[in-house]
Amino acid sequence: MTAPEIGAVVRDVGRDRVGEVMAVVGGRVLLRAPGGGREWEALPGDPRPAATGDALRARVADVNERSRRERDRREAAPTRCRVCWEIKQGRYRAVEDDDRDEAARLATAMGRHQREAHP
């Protein structure tokens, strides 16, 4: 049996996993899940061409996992301070309007607010 090409999506029948061929070294095939992750070695006869459904399921599982991680990251993010946001927006407008005095005043206000509200 010939070794699969690098980049091919195969099913490792020995581990019952779908993986992308990363390398073939000394008869062993190095595989990694289609979305990334830790590589594993497959014995020479274990990788078989993956059915279209196998490859699709592996990619969908990866997209779902990434989505869950992104959702968890967003939910864990601290809530923003409304006062900080308002001061920043005012300063952005002052800079856009080339009002240096107002921009400086708001920068000072931000410093005071940071020291008082976010020690």
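Two strands count as paired if DSSP finds at least two bridges between them. Helices (H or I, at least four residues) and strands (E, at least two) are DSSP runs, numbered from the N terminus.

The model is predicted: local features require pLDDT of at least 70, side-chain atom pairs count only at pLDDT 80 or more, and totals for chains, interfaces and linings use all residues. Residues are numbered from 1 along each chain as its sequence is written, and side-chain values use heavy atoms, with hydrogens and water left out.

**The whole chain**

Begin with the entire chain, which contains 3 helices and 5 strands. From the N terminus on, the elements follow the order β-β-β-β-β-α-α-α. The radius of gyration (taken over C-alpha atoms) is 27 Å, well over the 14 Å that the globule rule (2.2 Å times the number of residues to the power 0.38) gives for 119 residues, so the chain is more spread out than a compact globule. Along its principal axes the C-alpha trace spans about 75 × 25 × 25 Å. Of the 119 residues, 21% count as buried; buried means under 20% relative accessible area, exposed over 50% and partly exposed in between, with a 1.4 Å probe and protein chains only.

**The sheet**

Next, select the five strands. They form an open sheet in the order β4-β3-β2-β1-β5, with antiparallel pairing. The edge strands are β4 (40–42) and β5 (47–49), each of which pairs on one side only.

**From β5 to β1**

Select β1 (residues 9–12) together with β5. These strands run antiparallel and are joined by 3 bridges. Display aspartate 12, whose bridge partner in β5 is proline 47. Aspartate 12 also stands opposite arginine 17 in β2.

**From β1 to β3**

Now add β2 (residues 17–25). The pairing of β1 and β2 is antiparallel over 4 bridges. Their hairpin has 4 residues between the strands, and there aspartate 16 takes a positive phi near 55°.

Continue to β3 (residues 28–32), which pairs with β2 in the antiparallel sense over 5 bridges. Valine 25 has arginine 28 as its bridge partner in β3, and glutamate 20 has arginine 32. The hairpin of β2 and β3 has 2 residues between the strands, and glycine 26 takes a positive phi near 55° there.

**The faces of β3 and the step to β4**

In a regular strand the side chains alternate between the two faces of the sheet. Show the side chains of β3: the covered face has Val29 and Leu31, while the uncovered face has Arg28, Leu30 and Arg32. Then select β4, which pairs with β3 in the antiparallel sense over 3 bridges. Leucine 30 stands opposite glutamate 41 in β4.

**A charge over a ring**

Select arginine 17 and tryptophan 40. Arginine 17 lies over the face of tryptophan 40, at 3.8 Å from the ring centre. A charge sits over a ring if NZ of Lys or CZ of Arg is within 6 Å of the ring centre and within 35 degrees of the ring normal.

**Helix α3**

Finally, select helix α3 (residues 100–117), where histidine 113 is found. Histidine 113 counts as buried, at 13% relative accessibility. Display its surroundings, leaving aside neighbours within four places in sequence: histidine 113 is in contact (heavy atoms within 4.5 Å) with Cys81, Val83, Cys84, Ile87 and His118.
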